[in-house]
Amino acid sequence: MMRRFTLIAIPYLWLLALFLVPFVIVFKISLSDVALARPPYTPHFDWAAGIWAFLSELDFENFVWLTQDDLYWKAYLSSLKIAVISTLLTLLVGYPMAYAMARAPQEWRATLMMLVILPFWTSFLIRVYAWMGILSNEGFLNQFLLWTGIISEPLTILNTNTAVYIGIVYTYLPFMILPIYAALERLDESLIEAAEDLGCSRLSAFWLVTIPLSKTGIIAGCFLVFIPVLGEFVIPSLLGGSDTLMIGKVLWEEFFSNRDWPVASAVAVVLLLLLIIPIVLFQRNQQKQQEAEQ
Amino acid sequence: MTSPVFEPWNDPEAKPLIQFQNVTKRFGDFTAIDDLTIGIYEKEFFALLGPSGCGKTTMMRMLAGFETPTEGSIYLAGQDMAPVPPNKRATNMMFQSYALFPHLSIWENIAFGLKREGMAKPEISDRVNEMLRLTRLEKFASRKPHQISGGQRQRVALARSLAKKPKLLLLDEPLGALDKKLRQDTQFELMDIQEKTGTTFVIVTHDQEEAMTVASRVAVMDNGRIIQVATPDRIYETPNSVYVADFIGEVNIIDGIATPNGEESYSVAWKDGQAPLNVKSPSTFSDGQSCHLAIRPEKVTINAEKPTGADNVVEGKILDIAYLGNLSTYHVELPSGAVIKAQSANTRRISRRAFTWEDTVWLSWTATAGVLLAE
């Protein structure tokens, strides 16, 4: 009995130490006031003053502030928009790749899977920097297009939203491909034949059988891309321009440029609450999938 | 009033619904179907029987349109099927795995093909309900495939493939996943439904009992060739080769040398020290031609005393008894070392069985009991 309890306790302890405690700290900071001190906020817990004196100094002023300055909700909305669009783009690029992988000869699949995962072996930051080299005005892409004569003036891609989308699709593609591939690989080939036998053309068999049966994979892939992209910071700050507004970037600037930890914490808390909705939906999708498999 | 016997294959006027004309199918170096010509008639229940890898599934997949012949052509109702894709063929297939769409309900599964035809909604509904009634699935219409049993799934697959009223229904090992009892019930159900709908059925199976039960004609296949096509009783009683005799049911094969000794009558010399066997055969053998006598165990009588007046009598010792409940098969070893199987019905209770191990017995059979085969 004790043994079992200990085993179950381990993941909860983990969760407590790595999620709940940091969250409580961040939440506490979000209720504090900015101060010229180190760390740059007040109040600090003081044993002598007692817990009530400490609590009475906390307030929701920073959250109110988020609603007053339209920068914040614009940044949330813009993040949401970028996350939705880039999730759809990733799906459009990823689905055909996953489909091709699942339809490839058995002996090729492991290799193809390897190729999809391979980029993870290099640092994420280095790969994003590499894209700067590709997309900049004197970058490889522009040089190539100028050389082929398709364009006569270099295209401005870097530091625009286009570059952000390219970066996001590139980075998160494996997260889209893998769950869709898993769903498609399980798909019984005879279902497609049955659909054709019953009067479907290739295309309608794809719409009526393949897509619905890979639905759980599609949903899982979309959440796996959408959730991290919503709070993405590195890609918009390296590839995006001054007009690229994303909440991750705002958060970074509040913390490090403004040194306003309480407001930055409030931004983070709201972001987390926003993310809980898709995470819960994602969990339900996974659960439904497991039930369907039984 | 006697109903006319259903034997279109004996009627030279009858036109087959399906005609395979010198069809060959190769996968790389492997020849799956080898120069095959055969006709299947309307309303027939035709069984393709053979071991796995004999080409029977390939034949069916060519009929459905999932494979195209390398050489030769297939005609359905006189029309060459080569350019017709699977979704435009008047054939439907019941898959071995049933291939029910897991995301659709039973009702939607059956309606799937009808919707593709662009049939009007009320008509679809009528047809689906008719199919549900035919296969006794009314109660399960709104369930998903994973919520019903294997036997019910099998009936859904049948209903779905019949819904479009195909000219030809293809059944790929349809009962393979069912247990024996359910399989037997379902075989009769299949025959009923085939009779009610008047559809031509082609069934692929490796289970000879199943083929014998359901089919009007059976084609025994091996290595991409059809060895024999005949009604189940003819396949069983007059196989045209040792392969067919051996594949269908139990059989004793006795190798020997034939010598004619009268009209359609031969004396077959076999093991040294055994008297030659008397066999009647309508097919002719030359003097000294090697032959094989195929004789079914149930046509061999087992006696405690030496019988008189039998055409063939041999003495032996019981080596083994296979007790099957209703029947017992006795493995009798002759002095020459050959083993002959004899089968008899267990009309008495087992405690009163007449023979036991090591008993000396006499086996006898008539001159017409076996079939003399050249190969």
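## Close-up views of a predicted two-chain model

**Edge pairing at β20 of chain B, where Val371(B) is the bridge partner of Ala294(B).** The model shown in this and every following view is predicted. Strand β14 of chain B, residues 289-295, pairs with β20(B) in the antiparallel sense, and three bridges link these two strands. Both belong to an open sheet of five strands, ordered β13-β12-β11-β14-β20 in chain B, in which the pairing is antiparallel. The edges of this sheet are formed by β13 (277-280) and β20 (371-373) of chain B, each of which pairs on one side only. From one strand to the next, the twist averages 45 degrees.

**A second open sheet of chain B, with five strands in the order β15-β19-β16-β17-β18.** Here, too, the pairing is antiparallel. Because β15 (301-303) and β18 (339-345) of chain B have a single partner strand each, they stand at the edges of the sheet, and one side of each is left without a neighbour there. The average twist from one strand to the next is 45 degrees. Within the sheet, strand β16 of chain B, which covers residues 312-323, is joined to strand β19 of chain B, residues 360-365, by six bridges in the antiparallel sense. One of the residue pairs to look for in this view is Val314(B) with its bridge partner in β19(B), Leu363(B).

**Strand β9 of chain B and its surroundings, with β3(B) and β10(B) as pairing partners.** Strand β9 (residues 217-222) of chain B has five of its six residues buried, and it is therefore largely enclosed by the rest of the structure. Strand β3 of chain B, which covers residues 45-49, runs parallel to β9(B) and is joined to it by four bridges; in this pairing, Phe46(B) stands opposite Arg217(B) of β9(B). With strand β10 of chain B, residues 225-230, β9(B) instead runs antiparallel, and five bridges connect the two. Ala219(B) has Val229(B) as its bridge partner in β10(B). The view also takes in the turn of the hairpin that β9(B) and β10(B) form, which places two residues between the strands and in which Asn223(B) has a positive phi of about 50 degrees.

**The contact between domain 1 and domain 2 of chain B, which cover residues 8-245 and 250-373, respectively.** The C-alpha centres of these two domains of chain B are 39 Å apart. Five residues from domain 1 of chain B and six residues from domain 2 of chain B take part in the contact. On the side of domain 1 of chain B that touches domain 2 of chain B, the residues divide by class into three nonpolar and two polar, with no charged residues.

**The interface between the chains, in which 17 residues of chain B are in contact with 14 residues of chain A.** On the side of chain B that touches chain A, β6 (91-94) and α2 (106-116) of chain B each contribute at least two residues, and α2(B) gives the most, with three residues. This side of chain B comprises, by class, nine nonpolar, five polar and three charged residues. For the complex, the predictor gives an ipTM of 0.82 and a pTM of 0.80. Within chain B, the confidence is highest in α2(B), with a mean of 95, and lowest in helix α5 (residues 180-197) of chain B, with a mean of 86.

**Ile8(A) in helix α1 of chain A, which covers residues 2-30.** Ile8(A) has 10 other C-beta atoms within 10 Å, and because 12 or fewer such atoms class a residue as exposed, Ile8(A) is exposed. In sequence, Ile8(A) and Trp47(A) are separated by 39 residues, while in space they are 34 Å apart, C-alpha to C-alpha.

**Chain B as a whole, with eight helices and 20 strands, for orientation among the close-up views.** The C-alpha trace of chain B spans about 75 × 50 × 50 Å along its principal axes. Of the 375 residues in chain B, 38% are buried. Among the contacts in chain B with a separation of 6 or more, 65% are between residues 24 or more positions apart. The mean pLDDT of chain B is 89, with 99% of its residues at 70 or more.

Terms used
Residues are numbered from 1 along each chain as its sequence is written. Chains are lettered from A and ligands numbered from 1 in the order in which they are written. This is a predicted model: local features need pLDDT of at least 70, side-chain atom pairs count only at pLDDT 80 or more; totals for chains, interfaces and linings use all residues. Domain bounds come from an automatic or database domain assignment. Two residues are in contact if their C-beta atoms, placed from the backbone, lie within 7 Å. Ala, Val, Leu, Ile, Met, Phe, Trp, Tyr, Cys and Pro count as nonpolar, Asp, Glu, Lys and Arg as charged, and the others, Gly among them, as polar. A residue is buried if 20 or more other C-beta atoms lie within 10 Å of its own, exposed if 12 or fewer, and partly exposed in between; C-beta atoms are placed from the backbone. Two strands pair if DSSP finds at least two bridges between them. Axes are lines fitted to C-alpha atoms, for helices over the stretch in contact, and angles run from 0 to 180 degrees between N-to-C directions. pLDDT is the predictor's confidence in each residue, from 0 to 100.
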